[in-house]
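Dear colleague,

I am handing over the structure below, and my notes on it follow. Please read them with the coordinates open.

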Amino acid sequence: MCGIVGYVGSREAQPLLLDSLKRLEYRGYDSSGLAVVGASLQLFKSEGEIAVLEGKMPRMQGSIGIAHTRWATQGKPTTVNAHPLTDCAGKIAIVHNGIISNFMELRESMTRDGHTFTSDTDSEVFAHLVESEYKGDLVQAVMKAVSRIEGTYAFAVVAEGRDEIVATRRESPLVVGLGDGENFIASDVTALLKYTNRMVYLEDAEVVKVTKASVTVFDASGNVVPKTAQKIMWNLDDAEKGGYPHFMLKEIFEQPTAIHDSLLGRIESLDTEPFFQGTPYSSVKIVACGTSYHAGLVGKYIIEELSKIPTTLQISSEYRYSPVSRENPLIVLITQSGETSDTLAAAREARKRGNKTIAIANVMGSAITREVDHVIYTRAGPEIGVAATKTFVTQLIALYILAMDLGTQNRTLSALAKRSVIGQLRNLPRAVQDVLNKSSEIEELAKKYASARDMFFIGRNINYPIAMEGALKTKEISYIHGEGFPAGELKHGPLALLSKDSPVVAIAAKDHTYEKMLANISEVSARGSPVIAIGYEGDTDLQKFADDVIYIREIPPLFSPVPIIVALQLWSYYLAKERGCAIDKPRNIAKTVTVE
Ligand code: F6R
């Protein structure tokens, strides 16, 4: 996720672009830059937040320009990798939001054709593609260039001597703002509301030519597409959250895209570019805190199932003080921020102990990435809500990919089984969308239980950690005391806590533990606790035992944690909303814990 803005009109572009860009900083903040077309094409960029760019930027004259704030996904968050990026001659500048999955092949073939690349980004290939297709018509050049790209994108392009911006999108957002004698483009309306509330939305593969006097939209075949402007009535705060009342809800709804992005171009390349070559590992240890630790607990099941490699876990703050074992496991550190001090200390300790380390992180260039041998980035984009949602789900995606890689190296995952896993992974965005479509139903149910003081979550097998994560989300944002248990543990203590005032959320996916789960549900019910079950559509047995059921579409057990946690994220969100809590900034906790 990155932010793009563009302006063409009669005002000086530089201050306007900078002002608009600041409103998109929530989309990424590791570097930023501007290109302004005046007498020549001028360009300035810097690593760090937009304030850093602003502090050192020279005056740029011209009334046409594009700007970008970056959330790195390919290439480190450095000035060289900041956008805009240019062609060889420095006459064409582009900004990009998305992921170009075939950039390696394109880069190799264009290098052979004589193009010189200056950055490590996937995006730069687009500047060179436009350069090689440009024969005096920028729209035509952009159309031809995008036809060679695989992946997701919103691009905006300017060129020296041209009084236009050409932009296009596929699966990444882009809007055109209509002014009087001036027009704009942006990743979202937030950036433009100060200047206009009349917006034109682009569909996938459409290309737009924006001048100060006109906006012309073309389809992929070059036909003009008539468009009607829409009036946006949001205020700035609403707009930044995309119209959602909280960042957390927005981020929950971004999960189908986050999963899609995290898979893009990766599962296909596992055979040719494995993470680990050489000796297969005989054991794995996962180290993390909080929600990331819960992802690790699910990861244990995934890794053991797909690679048969025994996997253990440890909380980061405990790992450092644990005795050194004779084993030499692969250490997997999971951290959204990449800055959690206990996880960083664990990474250093692991290297001191001579272990190979791999991090699953969301923030490119964060501290953990300098402490480990290898990084798998989750491509969730920035997460603003304190409660981790889309980063948890993309951590699971990274773990499926890692497990497939280990299974392949270990020769425990057949080609057939791998194909089936890949097929299931590709289905996940749809499975999650199905759950999101039930949000109103989940909201109604949450209202019914929002006055509870205690709430228990039970699951078995791979969904036991999901019960723990559901409880963590609930306690963290709604302040209801939530506890997650393996359902089989109920009899060993927790049953004593049950009463009619302590609802129990029971995960009852149809797997080999299902019958036992039904027995647990009836046990809980017999103690007078209301039961809210999460089960599969068509499972009529559940209604007999539970007071309420959240139904989701059936999915093979190994992949069930993904849609089920989305249902529980919505559940905790609506409980908190009903209780009037400060959802995006819960009391006493910080997004990144940089002290031990
Ligand atoms: C809960 C939550 C925290 C983090 C934990 C680790 O919603 O977000 O429990 O998971 O503080 O943070 P990272 O993943 O940044 O190391």
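The notes below take up the ligand site and then one helix.

This is a predicted model, in which local features need pLDDT of at least 70 and side-chain atom pairs count only at pLDDT 80 or more, whereas totals for chains, interfaces and linings use all residues. Residues are numbered from 1 along each chain as its sequence is written, and side-chain values use heavy atoms, with hydrogens and water left out.

Of the 13 residues around the ligand, Ser292, Thr335, Gln336, Ser337 and Thr340 come nearest, where near means that a heavy atom of the residue lies within 4 Å. The shell divides into 4 nonpolar, 7 polar (Gly counted among them) and 2 charged residues. Oxygen atoms of the ligand lie 2.8 Å from a side-chain N or O atom of Glu476, 2.9 Å from a side-chain N or O atom of Lys473 and 3.0 Å from a polar backbone atom of Ala388. The protein covers 90% of the 410 Å² of accessible area (Shrake-Rupley method, 1.4 Å probe) that the ligand has on its own. Two helices, H9 (290-307) and H15 (464-478), are the elements that give two or more residues to this shell, and H9 gives the most, with 3 residues; helices here are DSSP runs (H or I) of at least four residues, numbered from the N terminus.

Turning to helix H13 (residues 415-436), its 22 residues should span 32 Å (1.5 Å times one less than the number of residues), which agrees with the 33 Å between its end C-alpha atoms. A kink of about 35° (the angle between axes fitted to the seven residues ending at a residue and the seven starting there) lies at Leu428, shortly before the proline Pro429. Both Leu428 and Pro429 are among the buried residues of H13 (under 20% relative accessible area, 1.4 Å probe, protein chains only), which also include Lys418.

With best regards

Terms used. Polar contact = N/O pair within 3.5 Å; in protein donor to acceptor, adjacent residues only side chain to side chain. Buried < 20%, exposed > 50% of the residue type's maximum accessible area, 1.4 Å probe, protein only.
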